[in-house]
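User: I would like a close look at one part of this model, followed by an account of how that part sits in the rest of the chain. Please keep it plain.

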Amino acid sequence: MRKAKPKKRVILPDPVYGDVRVSKFVNHLMYDGKKNKSYEIFYGALKTVENKLPGEEKSALEVWKKALENVTPQIEVKSRRIGGATFQVPTEIRPERKESISMKNMISFARKRGGKSMADKLAAEILDAYNEQGGAFKRKEDMHRMAEANRAFAHFRF
């Protein structure tokens with residue numbers, strides 16, 4: 001490698017919960033540098049989650065963290081060309097990438113939901129992920145299924 005590895009940027013914790021993961025999630029949620037709008041959407045979604053789960057002993061933030069954990073993939077397949085054939089090789093995922101994939105999946109499937117405001121769609125996706133259903137959870141299951149199906153090519157790991 002010719003160049004040195006780029007330095008990791010320090011992400012400041014969010015103003016309400018003081019959590020760095022919330023800041024990362026809001027950064028993924030953000031469009032056109034509108035961070036305040038993203039924070040409004042996220043906090044609105046957590047408020048909705050809190051209202052929809054009145055008997056829950058966990059806070060809305062804990063529900064969100066559990067939902068994120070439920071949609072975090074452990075393994076993925078990468079294309080690897082060997083000879084003339086392209087194999088789907090199952091590989092472990094780095095922790096930072098796991099977190100990023102789970103956040104991006106949750107946000108993208110929330111955006112695909114119909115109607116309502118983005119805060120409501122995100123809240124619905126968080127609740128679905130918490131209950132181990134919904135689009136983001138299904139995506140994780142599909143990734144694991146693909147890796148399992150291609151386990152025979154694991155020795156091509158790079």
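In which helix do K138 and D142 lie, and how many residues apart are they? Please start from that pair, then go through the other salt bridges and the core.

Analyst: The model is predicted. K138 and D142 both lie in helix α6. They are four residues apart, about one turn of the helix. Their side chains form a salt bridge, with the closest N and O atoms 3.6 Å apart. K138 has a relative accessible area of 52% and is therefore exposed, since the cut-off for that class is over 50%. D142, with a relative accessible area of 29%, is partly exposed. The pair thus joins an exposed lysine to a partly exposed aspartate.

This bridge is one of 12 salt bridges in the structure. Another is formed by K65 and D19, with 2.9 Å between the closest N and O atoms. That pair links distant parts of the chain: K65 belongs to helix α3 and D19 to the segment before α1, 46 residues apart. K65 counts as partly exposed because its relative accessibility is 28%. D19 counts as buried, because its relative accessibility is 13% and buried means under 20%.

R113 and E125 also meet through their side chains in a salt bridge, at 2.9 Å from N to O. Here too the pair links distant parts of the chain, with R113 in the loop between α4 and α5 and E125 in helix α5, 12 residues apart. R113 is partly exposed, at 25% relative accessibility. E125 is at 1% relative accessibility, so this glutamate counts as buried.

A further group has three members: R21, K24 and E99 are linked in a network of salt bridges. K24 is found in helix α1, and its relative accessible area of 29% makes it partly exposed. Apart from neighbours within four places in sequence, K24 is in contact with I11, E99 and M103. E99 therefore appears both in the salt-bridge network and among the contacts of K24, where contact means heavy atoms within 4.5 Å. The C-alpha atoms of K24 and E96 are separated by 11 Å, while the two residues are 72 apart along the chain.

R21 leads from this network to the core. Leaving aside neighbours within four places in sequence, W64 is in contact with R21, V22, F25, F42, L46, M106 and I126. W64 is itself one of the residues with the most contacts inside the largest nonpolar core, together with F25, F42, M106, L122 and I126. That core has 33 residues. At least two of its residues come from each of α1 (20-29), α2 (35-52), α3 (60-70), α4 (95-112), α5 (118-130) and α6 (135-149). Helix α5 supplies the largest share, eight residues. Helix α6, which holds K138 and D142, is thus also a contributor to the core. In soluble globular proteins, nonpolar side chains tend to be buried together.

T48 gives a view of a polar residue in helix α2. At 18% relative accessibility, T48 falls under the 20% cut-off and so counts as buried. Beyond its neighbours within four places in sequence, T48 is in contact with D120 and A123.

For the chain as a whole, there are six helices and two strands. Along the sequence they follow the pattern α-α-α-β-β-α-α-α. The C-alpha atoms fill a box of roughly 55 × 40 × 30 Å along the principal axes. Of the 158 residues, 39% are buried. Among contacts between residues at least 6 apart in sequence, 60% join residues at least 24 apart. The exposed area is about 10,000 Å², with carbon and sulfur atoms supplying 51% of it. As for charge, the chain has 34 positive and 20 negative side chains, and the centres of the two sets lie 10 Å apart.

To return to the starting point, K138 and D142 form a salt bridge within helix α6, whereas K65 and D19 and R113 and E125 link distant parts of the chain.

Conventions: Residues numbered from 1 in each chain as written. Predicted model: local features only at pLDDT ≥ 70, side-chain atom pairs only at ≥ 80, totals over all residues. Heavy atoms only, no water. Buried < 20%, exposed > 50% of the residue type's maximum accessible area, 1.4 Å probe, protein only. Areas by Shrake-Rupley, 256 points an atom, 1.4 Å probe, with all protein chains shown as cover. Lys, Arg positive; Asp, Glu negative; His and termini not counted. Charge placed at Lys NZ, Arg CZ, Asp CG, Glu CD. Core = buried A, V, L, I, M, F, W, Y, C linked by side-chain atoms within 4.5 Å. Salt bridge = Lys/Arg side-chain N within 4 Å of Asp/Glu carboxyl O.
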